[in-house]
Each structure stands twice: as C-alpha cells, then as structure tokens.
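Okay, thanks everyone for coming. I'd like to walk you through the inside of this one, the packing to begin with and then the empty space.

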Amino acid sequence: SVWCFGIPAGVTCPGSTELCRSKCYAMKGFYRMANVKASLESNRLAALKDDFVDRMTAEIRKVKVKYFRGHTSGDFMTPEYVLKWVEIVRRCPDTVFWFYTRSWSVAGFARPLAKLAKLSNMRLWYSADRETGYPDRLPPKGRVAYLAGSDEDARAVDPTRARLIFRD
C-alpha cells in the first residue's frame, strides 16, 4: 500500500501558477470539507515543529511503509522544509518516496531539492506547465511532469524534457 502525507494546497505552494491553481484537485471536492481541511492544517503545523523529522521517521519505520507519496496536496513550503524531508528520506532507506513539486521555480529551492533528488529511494518530479516552462536544469535523477491544460498544450510538450504528462 501507499502511505500519503498532505498539507493545505495553495498557501503552501510557492511555485504555483494560475493554470496550476485553476486545475488543482486539492482545492476542490472533498478537500474543501471541514474535517479534511483541519487534518491538512494539522499536518502543516506538525511539519513546522522541531520534532517533525523524528516523529515522521518513527511512524514510517513503525508501520514499515514501503511506498510513500508526499504532498498529495500542498508543496514544499520553504527550503528548510525540503531539508526536513531530505533527512526523513535518508533515515528511511527501505521506503520509496515520491513527490511532485513546483517549488523548483522559486529562488532558494534549487540546492535543497537537488539534495532530495539524489537520494536513492527518492523519485522527485518537477511539475511544469506553459506558464512555468521547463526547468533550465534538473538535478540528477530529477524528472519533469507537465500539466497540459488543453489538447494544444499536450501536443506542444517536448517528450525529451517531460517524462509524464497530466492532461486536464
């Protein structure tokens, strides 16, 4: 099974674009329910605490999580937050992690994201669209997932640069 962790979308998405926000599944449907919003906010607050790395690592190890999808909603809020995940992923070598992020397009995130991407049990996807364009540089093992907002967008995707296309 896949374990997931999410935080509130929008307020935690420094690299989001207008297209991204308009298509974001995590700002619609059941994500708008009070109990879901409260849970995601609780996760965000937990992630800001000094013991987040220890607590998350302990839970992943206790349950023996095999696959972990980070940020089913939300994104890397700050470069410091990325570094917390670097440490969690390092401490849990038996778990395969994957994240999609638009934070790559924001100043200050390149180095922490490169550290995260190079870990052997991490699959990091840089999320792009026509508004962000493609990343100029990808870290080793980095990949691009492209959000195509129309058929025209999908046809224009450079398959040598984007390995995955999300068509809304």
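When I say contact today, I mean heavy atoms within 4.5 Å. And keep in mind that this is a predicted model.

So let's start with Phe97. Leaving aside its neighbours within four places in sequence, Phe97 is in contact with Ile60, Phe68, Trp85, Ile88, Val89, Cys92, Asn121, Met122 and Arg123.

Now zoom out to the core. The largest nonpolar core has 36 residues, and Phe97 is among those with the most contacts inside it, along with Phe76, Tyr81, Trp85, Leu116 and Leu124. Which elements feed this core with at least two residues each? On the helix side we have H3 (52–63), H4 (79–91) and H5 (110–117), and the strands are S3 (96–101), S4 (122–128) and S5 (143–148). H4 makes the largest share, at 6 residues.

There's also a second core, separate from that one, with 6 residues, including Ala9, Ala26, Tyr31 and Val36.

Okay, on to the empty space. The largest pocket holds about 530 Å³. It has 25 lining residues, and the closest to the pocket centre are Cys20, Cys24, Tyr25, Arg102 and Ser127. Which elements supply at least two residues of that lining? Helix H1 (18–23), S3 and strand S6 (164–167) each do, and H1 gives the most, with 3 residues. So S3 turns up in the core and again in the pocket lining.

Last bit, the make-up of that lining by class: 10 nonpolar, 8 polar and 7 charged residues.

Methods:
Residues numbered from 1 in each chain as written. Predicted model: local features only at pLDDT ≥ 70, side-chain atom pairs only at ≥ 80, totals over all residues. Heavy atoms only, no water. Core = buried A, V, L, I, M, F, W, Y, C linked by side-chain atoms within 4.5 Å. Buried < 20%, exposed > 50% of the residue type's maximum accessible area, 1.4 Å probe, protein only. Helix = DSSP H or I, 4+ residues; strand = E, 2+ residues; numbered from the N terminus. 1 Å grid on protein atoms, 1.4 Å probe; cavity = no way out; pocket = protein on both sides within 12 Å on 5 of 7 lines; lining within 4 Å. Points joined across faces, edges and corners; volume = space filled by probe spheres on them. Nonpolar A, V, L, I, M, F, W, Y, C, P; charged D, E, K, R; others polar.
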